[in-house]
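Visitor: I would like the terms used for this model justified, one by one. Where shall we start?

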Amino acid sequence: MGHWIDGAERASTSGRTAPVYNPATGAVTAEVALADDDEIAEAIASAELGFQKWSQYSIAKRQAVIFAFRELLVARKGELAAIVSSEHGKVLSDALGEIARGQEVVELACGFPHLVKGEHSENVSTGIDVYTLKQPLGVVGVISPFNFPVMVPMWFFPIAIAAGNSVIVKPSEKDPSASLWIANLWKEAGLPDGVFTVLQGDKQAVDGLLNSPVVQSISFVGSTPIAQYIYENAARTGKRVQALGGAKNHMLVLPDADLDLAADMAVNAGYGAAGERCMAISVVLAVEPVADELIAKVKDRIAKLRVGNGQSTPEPDMGPLITGVHRDKVSSYVDIAEKDGAEIVVDGRGFQVDGAEDGFFFGPTLLDKVPTSSAAYQEEIFGPVLSVVRVNSYDEGLDLINSGRFGNGTAIFTNDGGAARRFQNEVQVGMIGINVPIPVPVAYHSFGGWKQSMFGDAKAYGVHGFEFFTREKAITSRWLDPAKHGGINLGFPQN
Ligand code: NAD
């Protein structure tokens, strides 16, 4: 599987590849190219030419292409969902859900003219006007993680393209096909060649984008150590950067909460997409005396979950993990929790699906009394492992959330409006749910965490997205009346 450069798939000559798996069967389904320096240079050169053409398109012409892309996406999203499910492993309905959240950003981008308008002040001084232009940056880079091969790149590229930039997407090498499919769709929608490029690769491709003086910005989503690396290196080369990192999201359940609702939501948010979501709930903070009752309810619900191939009928609730290596890492965190004294309420280690013994499955796992000193509490596991930590008060729960190094999402479950209001004010996290477990903002707000969950100032999509992908110019203009020249005056002009 190759790159997408100059409006066509381009076979790689780098001689380097990585295997792509179907995680539900464990079979290698493709080898994806890993770009070398020549291919990186070719992709950037093509994107530069693409930008020169595209940035001259009128707003009306750009808008027509984005509307066409939206129509094609809606008509053919089933094909894309099947690709996502077969390379990522998530169930088909969840793959469609991720496409729907990406589509929202495409729809926001359809209305871009309103969001790239400048401002105008007439007669700031006698005969002088000031106005601003919002111009595209040029060639921009998007580097995405494996867990949302459609939604995460779509947080960025519809807005970047609408604003007049050309985009190079560097997908995760674990599920690279979705981006090629999307490139084809852009072509069908009428986007000129070179405006949407797919560069397959690993660290070498990432470093190639970071080090290129042509690439003006980097939008990165992935794990925290790499996000920090991107942030530091993009800044070193003078680029704009937004780098979204990992997470450890807590759900605080107060004693007055509706425990059936809380249990449903903990299961949905803990085990959906096999826990491979940056907004997944991984820790339930149960404020006593509710822990025993809540755990019993979660355990009942886990017993009913069906795990299997995400494309089988009837559809299971949860698919496999992305690779065998990742499954083993998730398993090792359960070993660590056990060794550190946690109680294993439901054990997903060694889980197998009949007839798919080579698939990368891991059963839903529930841990109780997880010590907060354990690496299983402190680190991101990124699998279907829900840890319960028992606390004695709202304050104890809040302190735990605020002392963590991540700050992506969190949720409070309560029927007490005053407590919820206090929580939204006091918690040091970027996205907060009140009786909502996965508070991903809609496209016309913006997505971003705090602390080590995000490096940079501009969040993803919404108004932040348009600010990130445009550069403002301020113009001060005077059209002289030939009869009224002011003559020479070396001081600052006054009134
Ligand atoms: P990852 O950090 O391993 O990879 C992300 C991207 O970086 C990939 O394109 C990969 O090829 C590239 N990369 C990997 N190693 C690199 C290196 N050494 N140098 C340069 N580039 C490198 O992340 P992943 O495993 O694909 O995705 C899961 C992670 O992403 C989790 O930590 C999850 O929380 C996070 N995530 C965060 C958000 C968010 O919005 N904050 C959203 C989705 C995923």
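Guide: With a strand pair in this predicted model. Strand E12 (residues 249-253) and strand E18 (residues 409-413) run parallel, joined by four bridges.

Visitor: What makes E12 and E18 count as paired?

Guide: Pairing takes at least two bridges. E12 and E18 have four, so they pair. Across from His 250 stands Thr 410 in E18.

Visitor: Which sheet holds E12 and E18?

Guide: An open sheet of seven strands, in the order E14-E15-E16-E13-E12-E18-E19. Its pairing is mixed.

Visitor: Why do E14 and E19 stand at the edges?

Guide: Strand E14 (343-346) and strand E19 (431-434) each have a single partner strand, so each has one side without a neighbour in the sheet. From one strand to the next, the twist averages 20°.

Visitor: Which helix lies across E14?

Guide: Helix H11 (residues 324-339), which also lies across strand E15 (365-368) and strand E16 (385-391). H11 runs at about 25° to E16.

Visitor: Why are H3 and H5 called roughly parallel?

Guide: The axes of helix H3 (residues 92-110) and helix H5 (residues 151-162) cross at roughly 10°. The cut-off is under 35 degrees, so H3 and H5 are roughly parallel to each other. Their axes come within 8 Å. The crossing is right-handed.

Visitor: Which residues meet there?

Guide: Among them, Arg 101, Gly 102 and Val 105 in H3, and Trp 155, Pro 158 and Ile 159 in H5. The contact divides into nine nonpolar, one polar and two charged residues.

Visitor: What makes one of them polar?

Guide: Gly counts as polar, and Gly 102 belongs to the H3 side.

Notes
Residues are numbered from 1 along each chain as its sequence is written. This is a predicted model: local features need pLDDT of at least 70, side-chain atom pairs count only at pLDDT 80 or more; totals for chains, interfaces and linings use all residues. Axes are lines fitted to C-alpha atoms, for helices over the stretch in contact, and angles run from 0 to 180 degrees between N-to-C directions. Helices (H or I, at least four residues) and strands (E, at least two) are DSSP runs, numbered from the N terminus. Angles under 35 degrees count as roughly parallel, over 145 as roughly antiparallel, 65 to 115 as roughly perpendicular and the rest as oblique. A crossing is left-handed if the near helix is turned anticlockwise from the far one by less than a right angle, and right-handed if clockwise. Two residues are in contact if their C-beta atoms, placed from the backbone, lie within 7 Å.
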